[in-house]
Amino acid sequence: MNILVTGGAGYIGSHTCIELVKAGYNIIVADNFVNSCMEAVNRTRKLCGINFPFVEIDFTDYEATDQLFDKYNIDTVMHFAGLKAVGESCKIPVEYYKNNLDSALSLLLAMKKHNVKNFIFSSSATVYGADAPIPYNESTPVSRCASSPYGNTKLMIEYILKDAVKAIPGFNAVLLRYFNPVGAHESGEIGEDPTGIPNNLMPYVAKVAVGKLDMIHIFGNDYDTPDGTCLRDYIHVVDLAKGHVAAINKIKEDCGLFVCNLGTGKGTSVLEMVKAFSKSCGKELPYEFAARRTGDLPAFWADPSYAKEQLGWVAKKGIQEMCDDVWHWQSKNPNGYSN
Ligand code: WQD
């Protein structure tokens, strides 16, 4: 099977490339480097042990997307490419809608023209509403409106794919709803490399550990949770990548629409995460409590039982391993890919 990996130079895409190659799939990797770089591709090639084809392309360019499908024989699209910063999406929503929707649509149109019927989509637990009961399972209704424009682009693309499955004979769409991906490849060669000051907890903590930032700010310690800080379902990026490989079997079964959570089923607090990271880096990391961050939910995690039943996939790596691997990556690459 020949798989086009869009956003394959990015954090989740690059880790997934490795697992796909390990599992024997051919990959064609594409990215526009808006939030990634060629060094990530070079290192991923090295870890894969092959020089897979790479194309620099912006998928909002409909013509270029079409030409890519002319050039390569593609069976399946794994779509990771997209803008993903929640806060930024609230500031420039129109750009977010344009980028994320246009790229999905241009891929779908090119797929239709070239008779490519399989699409695996990076969706997010953010599609579940704020009032959804915990843990989230796949029959939990999705929200009518997500908590950010970023989340809405995920919801909208899910709707588009659901309609495509209904209308296009033989079309398969797998929607994978990620919880909180963290961690890095065990080699320490690839990992998350956000530009500027990180918005997400794990890369922020890693930058404090490596001395690039002074202090962790924990947003809220008065939530109705065991230690007052928010609980999230952190999942190791390599486990997540393996979930994508497992999902290909659904495509092979001609699943039509298949929706699945990728999470561990365990909630971890911000404080627990900071303590685990302190252990990984061998020093107490400085933190202070700050005001709650607008829009944060107190706690949510996945019900991972459907993934186990349907995909035979279970996340295996725990919090300490996630922190150890991030520390390995960050300490080996204090400036990320721009060493
Ligand atoms: C986790 C917890 C913060 C930073 C987001 C997106 C979601 C998904 C993953 C995918 C929260 C707290 C954070 C800090 C802190 N996106 N925190 N200090 O918000 O659960 O999910 O990333 O592309 O769609 O919304 O993740 O890592 O930002 O926050 O205390 O400096 O850490 O309040 O409780 P979140 P996060």
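**Exercise 1.** Find what an oxygen atom of the ligand meets at Leu201.

*Solution.* Start with the backbone: a polar backbone atom of Leu201 sits 2.8 Å from a ligand oxygen. That fits the cut-off for a polar contact, a pair of N or O atoms within 3.5 Å. Keep in mind that this is a predicted model, where local features need pLDDT of at least 70, side-chain atom pairs count only at pLDDT 80 or more, and totals for chains, interfaces and linings use all residues. Residue numbers run from 1 along each chain as its sequence is written, and side-chain values use heavy atoms, leaving out hydrogens and water.

Next, go to Phe219: one of its backbone N or O atoms lies 2.8 Å from a ligand oxygen. Then check Asp296, where a side-chain N or O atom is 2.5 Å from an oxygen of the ligand.

**Exercise 2.** Work out how much of the ligand the protein buries.

*Solution.* On its own, the ligand exposes 700 Å², and the protein buries 87% of that (Shrake-Rupley areas, 1.4 Å probe). Now look at the shell: α7 (201-209) and β8 (216-219) are the elements giving it two or more residues. The largest share, 3 residues, comes from β8. Helices here are DSSP runs of H or I with at least four residues, and strands are E runs with at least two, numbered from the N terminus.

**Exercise 3.** Decide whether α7 is mostly covered or open.

*Solution.* Count the buried residues (under 20% relative accessible area, 1.4 Å probe, protein chains only): 9 of 9 in α7, so to speak a covered helix. Among them are Leu201, Tyr204 and Lys207. Finally, see what they pack against: β7 (180-182), β8, β10 (234-236), α9 (270-281) and α11 (319-332), with contact meaning heavy atoms within 4.5 Å.

Technical notes: Polar contact = N/O pair within 3.5 Å; in protein donor to acceptor, adjacent residues only side chain to side chain. Buried < 20%, exposed > 50% of the residue type's maximum accessible area, 1.4 Å probe, protein only.
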